[in-house]
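Pull up the model and keep it beside you while you read. We'll begin at the ligand and work outwards.

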Amino acid sequence: MILHKAHHLKGEVTIPGDKSISHRAVMLGSLAQGTTLVTNFLQGADCLSTIDCFSRMGIAIEKTPGQILIHGKGLHGLRKPDGILDAGNSGTTTRLISGILAAQPFETTLTGDASIRRRPMRRIMEPLSMMGADITSINANDCAPLHIKGAPLHGIHYHSKVASAQVKSAVLLAGLYADGITKVTEPTVSRNHSEIMLRCFGAKVQTEDTTVTLSPDPALYCQEVCVPGDISSAAYFIAAGLLVPGAEVLIQNVGINPTRAGILKVAREMGGDITYLNVRQEGEPMADLLVRNSALHGITIEGAIIPTLIDELPIINIMASCAKGTTIIRDAAELKVKESNRIDVMVNHLSAMGCDITGTEDGMIINGGKSLHGTLIDSHMDHRIAMSFAIAALIADGETEILGSDVVTISYPDFYEDLHRLTH
Ligand code: S3P
């Protein structure tokens, strides 16, 4: 994909469904009794991997454009898949489904693509083993493929070292099957989509500060789930709206759950002109966002806000490269174990575009305000890297070529079409 500087960015864009919430809807819909309707479901490659895993365990899932119907079979209705389960590129599928598989009356092998097979799984293997699970890394490297032999589980109080919604959710899903109460305490609060959806499906879940408590219950009940637009996808148009001279964009249907929407706080603190319109609540809070071109300034981003914008840090780097002054990002070592090492990849490619950026152990320091120039960017098959540099291209001189640009199908299949429409 070759992109050029944008001289115009105006119009409206409706953001596709939230990836995290779409995954959870498939999982809970499969474990619930009865038929769950999921509207605005994200038909991106990652969520399709989750559908594939549950279909292979005997769940009938009907797909039509924009929505799916899941014919759930209850907590004990999954059957042993014939063959290996493949989570593709999806960390959420791999880690969350492990919590469910740990309690099934059968054995499974769970794998994924080359990136998944490099990502750390000890973080879920440890708490699940403490609950009684029999889960091993086949290559003994704490990565997938994982061999999971279902076992009777018991509740634990797990103190997670990382603020990770994937870890928290894996333990809570296992907790649905455990004898006794399951608690997870995290260092700071990570996205709470699992807790919200579990409650909607009838589970007994309570949250106090950074601790979530789940009491076992014999059943989940089918629901109608309306998936909000994905703030992580909206983030690219928020940045484009702020950065392209004269831009004004209305981004419709965006999830603004505070455990997830740190980018909105940060963008406003940097001087971004963002207006919330039509704020509403449909299980999760949502709004339309009106974003206007703004002069940004650097800030420090650290501490408890980091988990609420962890996936947006690559695009925040692009915003910081255009901001006046210095932006410091700390406490974000998790960036190293995402779909790519997002500290290294952002530092290398943004430097190549002319930005003054230095990587640190747990983040980066960006001295903004230097003009960017186009160059060759390797997405490293990381969707968020590809989309971040597609936005950088809009403000860079010359031509930016993105290798592996198709990887956007993971979370936003129509990304380039929407971007093209707004810039032409
Ligand atoms: C996700 C949680 C986050 C995020 C990932 C999706 C989820 O990962 O980076 O893209 O759906 O729970 P961690 O839990 O590892 O921080």
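A polar contact here is a pair of N or O atoms within 3.5 Å; within protein, one must be able to donate a hydrogen and the other to accept it, and residues adjacent in sequence count only if both atoms are side-chain atoms. This is a predicted model, where local features need pLDDT of at least 70, side-chain atom pairs count only at pLDDT 80 or more, and totals for chains, interfaces and linings use all residues. Residues are numbered from 1 along each chain as its sequence is written, and side-chain values use heavy atoms, with hydrogens and water left out.

Let's look at what holds hands with the ligand. A polar backbone atom of Gln-166 lies 2.8 Å from one of the ligand's oxygen atoms. Side chains join in too: an N or O atom of Ser-164 is 2.7 Å from a ligand oxygen, and a polar side-chain atom of Arg-24 comes to 2.6 Å from a ligand oxygen. On its own the ligand exposes 380 Å², and the protein buries 94% of that (areas by the Shrake-Rupley method with a 1.4 Å probe; for residues, only the protein chains shown count as cover).

Where does the ligand sit? It is in the largest pocket. A pocket is worked out on a 1 Å grid over the protein atoms alone, as an open set of points where a 1.4 Å probe fits, with protein on both sides within 12 Å along at least five of seven lines; a molecule sits in one if more than half of its atoms lie within 2 Å of its grid points. The residues around the ligand (a heavy atom within 4 Å of it) include Thr-92, Arg-95, Ala-165, Arg-191, Asp-311 and Lys-338. Helices H1 (19-31), H3 (91-101) and H5 (165-175) each give at least two residues to this shell. Helices (H or I, at least four residues) and strands (E, at least two) are DSSP runs, numbered from the N terminus.

Now zoom in on Asp-311, from that same shell. You'll find Asp-311 in the loop between strand E18 (300-301) and helix H9 (313-322). Asp-311 counts as buried because its relative accessibility is 12% (buried is under 20% relative accessible area, exposed over 50%, partly exposed in between, with a 1.4 Å probe and protein chains only). Its side chain makes a polar contact with the side chain of Arg-191, at 3.2 Å. Leaving out residues up to four places away in sequence, Asp-311 touches Arg-191, Ser-232, Lys-338, Arg-342 and Arg-384 (contact means heavy atoms within 4.5 Å).

Arg-384 takes us to helix H11 (383-395), where 13 of 13 residues are buried. At the start of H11, a side-chain oxygen of Asp-382 reaches to within 3.0 Å of the backbone nitrogen of Arg-384.

Next, some backbone oddities. Ala-144 and Pro-145 are joined by a cis peptide bond, with omega about 5°. Pro-145 belongs to the loop between strands E8 (134-137) and E9 (146-149). Both Ala-144 and Pro-145 are among the contacts of Thr-111, a residue of strand E7 (107-111). Thr-111 is buried because its relative accessible area is 14%.

Two residues other than glycine have positive phi: Asn-40, near 55°, and Asp-209, about 50°. Asn-40 is in the loop between strand E3 (33-39) and helix H2 (45-55), and its 26% relative accessibility makes it partly exposed. Asp-209 is in the loop between strands E12 (204-208) and E13 (211-215), and is exposed, with a relative accessible area of 70%.

How values were computed: On a 1 Å grid over the protein atoms alone, a cavity is a set of points where a 1.4 Å probe fits but cannot get out, and a pocket is an open set with protein on both sides within 12 Å along at least five of seven lines; lining residues have an atom within 4 Å of a point.
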